[in-house]
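Student: I would like to go through this model element by element. Please keep each answer short and give the cut-offs as they come up.

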Amino acid sequence: MSQPLLRVTNVSKIFGATRALSGANLDIAAGEIHSLLGRNGAGKSTLVNIIAGVYPQTEGDVVFDGHDLRKLDIFARQKLGIRLVPQHENSFPDLTVAENIFAGDLPKKNGLVDWSTINEVAAQELAAYGVDADPRGMVRDLSSIDARKLNIIRSMHSGARLIILDEPTTALTTREREELFAFVRDLKAMGTAFIFISHYLGEVLDLSDSISVLRDGLMYPVEDRASATQEHLGELVAGGQVELTRRRAERPDPSDVLVQIRGLRSAGVEDVDLGIRRGEVLGIIGFPGSGAREFCRALFGADRVTSGTVHLEGRLVRLSSPRQALREGIAYISFDRHREGIMPLMDVNENIGISSHAGALRRAWGFLDLKRQRQRSQQYRDELKIKCNTIFDPMDSLSGGNQQKVLVSRLLSTQPSLLILDEPTVGIDILSREEIISKVLELTRTGMSALYLTNDYEELLRVADRLVFFDEGRVASVVDNDDLTIEQLTQIRDSNKEAASA
Amino acid sequence: MTAVSSGRKILDFSMNNAVWILLILAIGIMGLFRPSFFSVGILSNILVQATVLGLLAIAISMVILLGDINLSTVGTAGFSALTGVIAMKAGLPVPLAILVIVIMGSLIGLVNGLIVTKLRANALITTLAMNMVLQGALLAITGGSSLSNLPDSFKFVSQGRIAGFPALPLVLIVVFFLFHIIWTRTEFGRDLFAVGGNPRAAYIAGIKVDRVKIGAYVISGLLSGLAGWLLAGYMGAVTSSFGTTYEMQVIAAAVIGGVSLTGGRGSILGVLAGTLLLTVIQVGLAILGIQQTLITLAGGLMIFAAVLIDALRNLYGARRSS
């Protein structure tokens, strides 16, 4: 057998008293795509950080193309061709596409930046990798998919032979995801190896040549790649059976309408009429710009409503601001957990209570009922199994999944009639995802309704009673979810799109 | 193993309480050189001196907590005091004149707040301009001279004594206690920290972000006005360069006290420590007999030292949490 491109032998990492990784072994050949699965904190990041040279291993060997990496720092490893493309885009938004490709190593002529060479070479490389972008355009103006491809092209430009992709599909639509995968497959055909980190079992099965699961710092190679299934991988990740939550069999009463929306207009939303039944989970589907997300945000007062009415329980609701919407019984979890969700400097307790300051926690003279706040936080911590030492742990010490549980607690504690979930499970581990979903489904049984917007159609079909397809700011169709398949769903979505453009 | 962890505990403790330790060190060192430093007279003088600075430090902290800055606290103090004193000289009763001062301060804060929130202007430039306008107006109206001969009832709190002790530090204690409660236990206080920490998320969480911001600016102005009254009473006059010695110390007291310039982080106890530390340095240098021409330099260097220690503390904290 020929020498693999990367060989990791018996690598362990100890942080203080924690054993983050124990005896990991991994071989990757040129042109191989190897996926790493595992919950947050299972050791995936530790392993790739050791390979990339962010920090050294405590014991074990990492050999890349015959070079012992032990004494090489992150820059030396980059020269050898190991590149880590992080989850969050690390490009420079206010520089041009070409500058981003050459970042850190701009060609010069007579001591000045040689723009013509830069733009020329960049244009060639973009064309070679099939990306249709202007090298002189700002990265800020790129679509999110092109920005991600650009990150990979940057690595290729500097001679990458092993590219580590850390959750590259987060917040991409299915189509963009497919586009990214095709791009990765092209590079693989040219001999580039990939380590692919993802939470989505489906896409891991779709893309990878080989798979390893990490759990509690131990590595479990998936021996029989050909016959691996999502259920099997899910069990390996969780270390046991994960109960995939499904909606109940009985349907909400079609005549019992909780929310009636008429002629709603706002930026990107054109004249939406929609009834939301009591106790239903209404799945929302649409490409970026279709009005799906815009509709959700308008209904919460986060975007300005220009016309139209919304009645909840027959009562006309004012949608002037998120504060007003919360008061009316409408709650919203944003797709952007960091910008529009967590209060990073506050503790778990305050993060749960923050939306109830003007409600259940208010006392006379502007004081807050701090005792009640602690009791409620404690209660939600237990109910949603939020993992923290105490409710006074700082928010930024929690994993993504647990932060999301805190946000769900925050909104559920306002006792909403309608809960709007905008990509509630992006970038969080499987167990947290199922716990959040089952909590939401439990509450719909007591009469709460939910809008559920996600690009993970497998997840959506498990939880939704009905599906609303958005296109060009309008409702294109509403379909009962009678055991629809993902293929049927994408077919409806794409036929709506074609009908609109025809 | 236990030696390591107890060593770490001591380091943790010193880092978290660096300002208080510096304060004790500063007092100790001053006392070493001048044993008279420990006299009741001098220590109570420090508290008296600290009162005006303390009120201004809370005033600026209200805005720094938002992640903004208010450079007009000293100008607000001077201009508010001037209007009150002019009104008093025109025959307004003393209690009403004091009310005028506080209301004027709040109004200036309101203007700042409205410009920053409704017009989305930059707080630094807005309040810098406001400060120049106010100090310029003070200079123009007084014509470079001082308004003195203030009645005793106006100066009662600033110069009066209760059971032999100066009354002024009582204001310091009451105000710090009050704001500790506001910052930690009220809806407004917690909303203030939330808005400073992540304004977008605060809005989505249902907080009236603009109203909280305007409220913070109004209270900042109100406290500046209060400080103006007390300083006018203490000096027995409103001068054309009213309060300018406090200008830079105000920011330093807040920041050394641990109020983060990026917003959302700070404690009232920290602001108190920062205020006392700066006052001890100021008074101490005077008592040590440092030449008048060197006092600014020496004071600046010592503030620098405090800021460096604060920066080290932050670096240490960041390293521990990562």
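Student: Which residue follows α5(B), and what is its phi?

Tutor: This is a predicted model, in which local features need pLDDT of at least 70, side-chain atom pairs count only at pLDDT 80 or more, and totals for chains, interfaces and linings use all residues. Residues are numbered from 1 along each chain as its sequence is written, while chains are lettered from A and ligands numbered from 1 in the order in which they are written. Helices (H or I, at least four residues) and strands (E, at least two) are DSSP runs, numbered from the N terminus. The residue following α5(B) has a positive phi; it is B:Arg120, near 55°.

Student: How far does helix α5 of chain B reach from its first C-alpha to its last?

Tutor: The helix covers residues 94-118 of chain B, 25 residues. Its expected span is 1.5 Å times one less than the number of residues, and that gives 36 Å. The modelled reach is close to this, at 35 Å.

Student: Which helices do the buried residues of α5(B) pack against?

Tutor: A residue is buried if 20 or more other C-beta atoms lie within 10 Å of its own, exposed if 12 or fewer, and partly exposed in between, with C-beta atoms placed from the backbone. In α5(B) the buried residues include B:Ala97, B:Ile101, B:Met104, B:Ile108, B:Asn112 and B:Val116. Their packing partners, all in chain B, are α4, α6 (123-142) and α11 (209-235).

Student: How many residues of α4(B) are buried?

Tutor: Helix α4 of chain B runs over residues 73-89, and its end C-alpha atoms are 24 Å apart, which agrees with the 24 Å that its 17 residues should span at 1.5 Å a residue. Just after this helix, B:Gly91 takes a positive phi of about 115°. The helix is mostly covered, and the buried count among its 17 residues is 14.

Student: Why does B:Thr275 count as buried?

Tutor: B:Thr275 lies in helix α13 (residues 268-287) of chain B. Two residues are in contact if their C-beta atoms, placed from the backbone, lie within 7 Å. Leaving aside neighbours within four places in sequence, the contacts of B:Thr275 include B:Ala50, B:Leu53, B:Ala253 and B:Gly257. B:Thr275 counts as buried because its C-beta neighbours inside 10 Å number 31.

Student: Is A:Arg376 buried or exposed?

Tutor: A:Arg376 lies in helix α13 (residues 370-383) of chain A. Not counting residues up to four places away in sequence, it touches A:Ile352, A:Gly353 and A:Ser413. The C-alpha atoms of A:Arg376 and A:Gly353 are separated by 8.1 Å, though the two are 23 residues apart along the chain. With 20 other C-beta atoms within 10 Å, A:Arg376 is buried.

Student: What distance separates the centres of domain 1 and domain 2 of chain A?

Tutor: Domain bounds come from an automatic or database domain assignment. For chain A this gives domain 1 (6-238), domain 2 (257-329 + 416-501) and domain 3 (344-415). Taken over C-alpha atoms, the centres of domains 1 and 2 are separated by 34 Å.

Student: Which helix gives the most to the side of domain 1 of chain A that touches domain 2 of chain A?

Tutor: The contact takes 13 residues from domain 1 of chain A and twelve residues from domain 2 of chain A. The helix giving the most to the domain 1 side contributes three residues; it is α8 (residues 230-238) of chain A.

Student: How do the residues of the side of chain A that touches chain B divide?

Tutor: The contact takes 24 residues from chain A and 20 residues from chain B. The largest share of the chain A side, three residues, comes from α10(A). Ala, Val, Leu, Ile, Met, Phe, Trp, Tyr, Cys and Pro count as nonpolar, Asp, Glu, Lys and Arg as charged, and the others, Gly among them, as polar. On that basis the chain A side divides into 13 nonpolar, five polar and six charged.

Student: Where in chain A is confidence lowest?

Tutor: pLDDT is the predictor's confidence in each residue, from 0 to 100. Chain A averages 88, and 95% of the residues score at least 70. Confidence is highest in strand β18 (residues 330-333) of chain A, at 97, and lowest, at a mean of 79, in helix α17 (residues 486-501) of chain A.
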